[in-house]
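Please take a moment with the sequence and the model before reading on. The paragraphs below go from one loop residue to the ligand, then to the domains, and finally to two points in the backbone.

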Amino acid sequence: MTSDQFRAYGKELIDWIADYWDGVDERPILPAVSPGQIRSMLPANAPETGETFDEIISDLDRIVMPGLTHWQSPGWFAYFPANASFPSILGELVSAGLGQQGMLWATSPATTEVESHVLDWLVDLLGLPTHWKTTDRGGGVIQMSASDSTHTALVVARQRSTAPASSLVAYTSSQAHSSVEKGARVAGFEHIRLVDVDSTFAMDVETLERVITADVAAGLTPAFVCSAVGTTGTTAIDDTRRIGEIARRHDMWHHVDAAYAGSAMICEEFRRYQPGLDLADSYTFNPHKWMFTNFDCSVFYVSDRKPLIETLSILPPYLQNAATDSGAVVDYRDWHVPLGRRFRALKLWFVLRHYGAEGIRSIIRKHVALARDLEGRIVSHPSLELVAPTPFALVSFAHTGGDDRTNELAGAINRTGHSYVTPSRIGDRAFIRVSIGQTHTEAEHVERLWATIAAYA
Ligand SMILES: *Cc1c(COP(=O)(O)O)cnc(C)c1O
């Protein structure tokens with residue numbers, strides 16, 4: 001492809017993407033395809049000779065589009081958001097356009113320094129402890145996902161412990177994200193405790209203490225505890241301060257998983273939900289959920305980068321260089337499992353600069369206000385009730401007529417095509433999760449959802 005063709009097709013594809021966003025609200029959110037249908041439209045073999053780019057672009061409409069679930073629809077209320085935005089998409093494009101490999105500072109100084117700097121900005125913007133900055137003793141790194149961040153924290157916790165690996169125990173609540181258990185398994189923990197939760201679905205701290213005491217008495221070594229600020233099920237909030245204090249007492253690594261809710265901390269009023277962070281060893285949140293930055297972009301902070309780097313640093317001769325030897329630079333290959341890394345900070349940098357902190361705050365506050373409004377309608381409705389509090393922008397509710405009625409209601413909402421929610425279960429009860437957070441969700445979209453709820457409830 002010549003650079004002139006690249007210019008022409010690039011502009012055509014930008015138009016194609018803009019058209020997609022302009023029309024996404026008109027598309028049924030769920031695709032009407034059966035398993036294998038998309039593959040059946042693809043040729044059996046890869047092309048032997050090159051095709052025209054016009055053919056390639058037209059197959060986006062013909063083959064890809066029918067098989068998409070429209071996460072960027074403003075009627076997206078399922079799971080958590082994965083809210084992208086135009087500045088983020090442009091940052092992603094520039095990242096691909098520059099083709100950088102930022103494994104070491106020396107292999108792309110700008111990739112490393114923009115990332116360190118933007119993540120230091122976020123420490124201030126989110127009100128996190130200032131010693132988490134790379135200019136102090138901590139630091140942030142962009143990982144692919146919160147699962148990777150949590151896994152990394154578990155590996156460091158295992159490595160820093162002097163007790164036999166087979167005696168180490170990892171703790172989290174029964175409502176924690178599955179990535180904690182998965183990460184513990186991958187990191188080689190043989191003992192994983194899913195601690196019971198209280199009536200708000202937050203970790204029962206007394207139970208945590210009891211389980212730890214029993215483990216210690218049995219000769220095991222508490223090594224890692226993960227608290228959640230905003231569980232995936234219902235955005236329940238663990239007591240980060242008390243769990244941090246317990247972690248200190250037992251010399252455990254305290255990791256905080258704020259994958260979804262961490263973005264809300266850009267608004268001061270939510271910070272009371274994560275007290276005592278100065279007692280945390282690591283923290284993760286996903287700008288790719290609720291900060292208008294397209295997947296993948298998960299931020300991982302450590303309060304002290306030394307144990308992280310000691311755990312993951314291996315320096316073969318072909319990576320040795322003067323900048324690394326000088327100790328004056330960050331080499332991000334030592335901060336996560338992969339070696340190679342792309343320029344992911346660009347899209348986050350573009351987003352922060354395009355919206356400004358005030359712009360981001362105002363959209364997050366709008367989502368939360370829309371959720372509070374929906375919550376109010378549910379509370380006043382005779383046949384609906386909340387199943388969990390609404391600290392952020394996830395509303396968890398059920399039909400008072402029982403599980404069948406709740407599941408029928410979820411089905412009715414999802415059959416509209418314009419709104420999509422997640423039916424789920426907590427304890428022995430069915431409920432509906434309405435997560436408000438797509439970049440372009442406005443009152444009218446929640447109104448349209450409510451009209452369906454009210455008609456079927
Ligand atoms: C979504 C979520 C995760 C997993 O995020 P990925 O980036 O997809 O790995 C982990 N923890 C919580 C609380 C989540 O909500």
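Two residues are said to be in contact when heavy atoms of theirs lie within 4.5 Å. With that cut-off in mind, and remembering that this is a predicted model, one can begin at A82, which lies in the loop between helix 3 (53–64) and helix 4 (86–98). Once its neighbours within four places in sequence are left aside, A82 is in contact with W71, Q72, H288 and K289. The C-alpha atom of A82 is separated by 16 Å from that of Q143, a residue 61 places away along the chain.

K289, one of the contacts of A82, also leads to the ligand. Thirteen residues surround the ligand, and those that come nearest are A146, S147, D257, N286 and K289. In the case of K289, an N or O atom of the side chain is 2.9 Å from an oxygen atom of the ligand. A polar side-chain atom of S147 lies 2.6 Å from an oxygen atom of the ligand, while the side chain of D257 places an N or O atom 2.6 Å from a ligand nitrogen atom. Taken alone, the ligand exposes 390 Å², and the protein buries 88% of that area. Two elements, helix 6 (146–160) and helix 10 (287–290), each give two or more residues to the shell around the ligand. By residue class, this shell divides into 3 nonpolar, 8 polar and 2 charged residues.

What are the domains into which the protein is divided? They are domain 1 (3–73), domain 2 (100–342) and domain 3 (357–456). The C-alpha centres of domain 2 and domain 3 lie 30 Å apart, and the contact between these two domains takes 23 residues from domain 2 and 23 residues from domain 3. The size of an interface is often given as the accessible area lost when the parts come together. For domain 2 and domain 3 the buried area is about 1,900 Å², with 73% of it on carbon and sulfur atoms. On the side of domain 2, I266, W290 and F292 supply 32% of the area buried against domain 3, more than any other three residues.

Two details of the backbone remain. Most residues other than glycine have a negative phi, and most peptide bonds are trans. The peptide bond from F295 to D296, however, is cis, with omega near 5°, and D296 is found in the loop between helix 10 and strand 7 (298–302). T235, a residue other than glycine, has a positive phi, near 55°, and T235 is found in the loop between strand 4 (221–228) and helix 9 (240–249).

Definitions and conventions: Residues numbered from 1 in each chain as written. Predicted model: local features only at pLDDT ≥ 70, side-chain atom pairs only at ≥ 80, totals over all residues. Heavy atoms only, no water. Near = heavy atom within 4 Å. Polar contact = N/O pair within 3.5 Å; in protein donor to acceptor, adjacent residues only side chain to side chain. Areas by Shrake-Rupley, 256 points an atom, 1.4 Å probe, with all protein chains shown as cover. Helix = DSSP H or I, 4+ residues; strand = E, 2+ residues; numbered from the N terminus. Nonpolar A, V, L, I, M, F, W, Y, C, P; charged D, E, K, R; others polar. Domains from an automatic or database assignment. Buried area = accessible area lost by both parts, 1.4 Å probe.
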